[in-house]
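Subject: Structure handover

Hello,

Please find the structure below. My notes on what was found in it come after.

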Amino acid sequence: MIETLLLVLVCIIIGGILSSLAVHLMPVGGAPAAMATATGIATGCVMLMTGAAVTGLFTASTVASFWATNPSVILVALSGAVGAMLMMGFTMFVANLIYIFGAGVVPCSGRVAVDPITRESQTEYKTPRTDGHGVPTVSYVSGILGGFSGGFGGALIYVVLVSDSYAHFSVATAGIVAMGIFIANAIIAAYNIGGTIEGFHDPKFKARIRTGLTCALIVSVLCGVIVVIAMLTGTLVGGVM
Amino acid sequence: MGEEEAKEEKAKPKEEFKLSFDYFNESRLGIFALIIGALIAIFPGLPAFIEGIGMIIVFAWGADSVRKTARYGLGTGVPSIGVLAVGFGIVGGIAGIAIASTHFGTLVVGGVEIAFGVLAGVALLALLGFVSGNLANGDKFIDMKIPGLERGMTELGIAGTLAVLIETSILAGTYHITKVLPNVVNNGLIAAIFILSAFGMLQPYNTCLGADERRGRTLLMSIEIGGIASIILGIAATLTLSAVEGVPLIVLGAVVWVAYYRAYMKACMEEAYATPGTGLIKTLGG
């Protein structure tokens, strides 16, 4: 019993830290990106990450329903990661289509002079007095990695809550609790970023990632303790249908 | 001339506007909403329309807390803090319901259910909100430099949990997990609860923010959204429980919505410098 509780707590903490890391990897442009004057997708961290993570939860819950009992934790978590990666990929691809063919800008990074992946120079393509445009290659790769991390984290929380060898909540309870914990971590991470970020190559990433992960650790421990208390009452177990 | 006119414009709405939130300043509204919300939350068997009134008061408190913290600029938009409140609320609500479903979490006195257990969920989320507020504002952590963010996040944790709990009791009529799971969680209504509570808290300040934002006007909109939420929950309660519970809630919601929509539009018309009508929506005397 005590090992199960500890395992659930550890999985919630890992999931929370991974979701915080995911938000730091997103190419988020905010309001300036809506006018194509900043690199990234034109929305807030929370909206982007919640969209990706909920898609991940859908794929994860579908894959978890393949097993009658005891779903494989690692396979379900990976399928959540794949769902979130696909969602991030489509979002960034369509955003780039609109930026390139609609707004007529060249995707380029505003924070680095040379793309660390393709080794192509960025500064010539950046319109003066803007902060980059669109989603360049390095931001795209970073966004896909963020989708992997966030989807894996969200689905990991979901699968330990739904699996009958761990918490054994009903499917809907596990899904909504996983979403609640994910959102709490994602928003604290979004406050840590404070607006826009381009991806792992952004100087902001290196400067703030440690604070972000520390905060995610503390918030996830508390969320995990609350979930463990709910498990200890024994009333949620069994998933009454 | 311009200055005098501007002064008159500013002084006018306070006198003409009848429903004032001057008595309910930020602290008084918080204490009032906490007491009323907690009292309504521990009696899940109350008629749905009384719980609807409690939900509207809790929404107003949440919207006031969002206003208090978001006016200094969060960097990620106002919606994030409202969604954070309900994200907390879902975790606390499920924990509170789980504790209330145990045999020591609920007392039955003369056939009336008194669910003290849910208050444990509220207290845990107050702690989580306080810790996250300290993380977000602490100079060793994120250092957002927003005055009163610790208090704001504590209040949002409590308000989010109370909103989720009260809405659950409207739809299930009890906190017993065998009723809550089929009536609220497993049929997906919990997702509607999530987004309705988030809108009740984040939408008022998100719509009204700006240089001439006024607290009374912003709170009018939160009560109006409470009315819309009551209508939606009333329809859902008619399906999950019975028309006896649902229909009075729908009527309450419709009355609140119409009354506060009129009051909000009137306040906007009076406080704006000029309001040209587009003809798309029939505005009141505009």
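Chain A contains 7 helices and 2 strands. In sequence order, these elements follow the pattern α-α-α-α-β-β-α-α-α. Please keep in mind that this is a predicted model. Its scores are ipTM 0.88 and pTM 0.89.

Overall form of chain A

The C-alpha trace of chain A spans about 60 × 35 × 25 Å along its principal axes. The radius of gyration of chain A is 19 Å, which agrees with the value near 18 Å that a compact globule of 241 residues would have. Of those 241 residues, 58% count as buried. Contacts in chain A with a separation of 6 or more are mostly between distant parts of the sequence: 75% of them join residues 24 or more positions apart.

Where the two chains touch

How many residues does each chain bring to the contact? Chain A supplies 34 residues and chain B supplies 33 residues. On the side of chain A that touches chain B, the elements that give two or more residues are α3 (45-64), α6 (171-193) and α7 (203-232). The largest share of that side comes from α6(A), with 13 residues. Sorted by class, the side of chain A that touches chain B has 23 nonpolar residues, 11 polar residues and no charged residues.

One residue in a loop

A:Ile117 lies in the loop of chain A between β1 (108-109) and β2 (132-133). Is A:Ile117 buried, exposed or partly exposed? It counts as partly exposed because it has 14 C-beta neighbours inside 10 Å, while a buried residue needs 20 or more and an exposed one has 12 or fewer. If its neighbours within four places in sequence are left aside, A:Ile117 is in contact with A:Thr137, A:Val138 and A:Val141. As for distance across the chain, A:Ile117 and A:Ala184 are 67 residues apart in sequence, and their C-alpha atoms are separated by 32 Å.

Confidence in chain B

The mean pLDDT of chain B is 86, and 91% of its residues reach 70 or more. Which residues of chain B have pLDDT under 50 throughout? That is the case for residues 1-17 of chain B, for which the model has 7 contacts beyond four places in sequence. Please read the placement of residues 1-17 of chain B with that pLDDT, under 50, in mind.

Regards

Terms used
Residues are numbered from 1 along each chain as its sequence is written. Chains are lettered from A and ligands numbered from 1 in the order in which they are written. This is a predicted model: local features need pLDDT of at least 70, side-chain atom pairs count only at pLDDT 80 or more; totals for chains, interfaces and linings use all residues. Two residues are in contact if their C-beta atoms, placed from the backbone, lie within 7 Å. Helices (H or I, at least four residues) and strands (E, at least two) are DSSP runs, numbered from the N terminus. Ala, Val, Leu, Ile, Met, Phe, Trp, Tyr, Cys and Pro count as nonpolar, Asp, Glu, Lys and Arg as charged, and the others, Gly among them, as polar. pLDDT is the predictor's confidence in each residue, from 0 to 100. The radius of gyration is taken over C-alpha atoms; the globule rule is 2.2 Å times the number of residues to the power 0.38.
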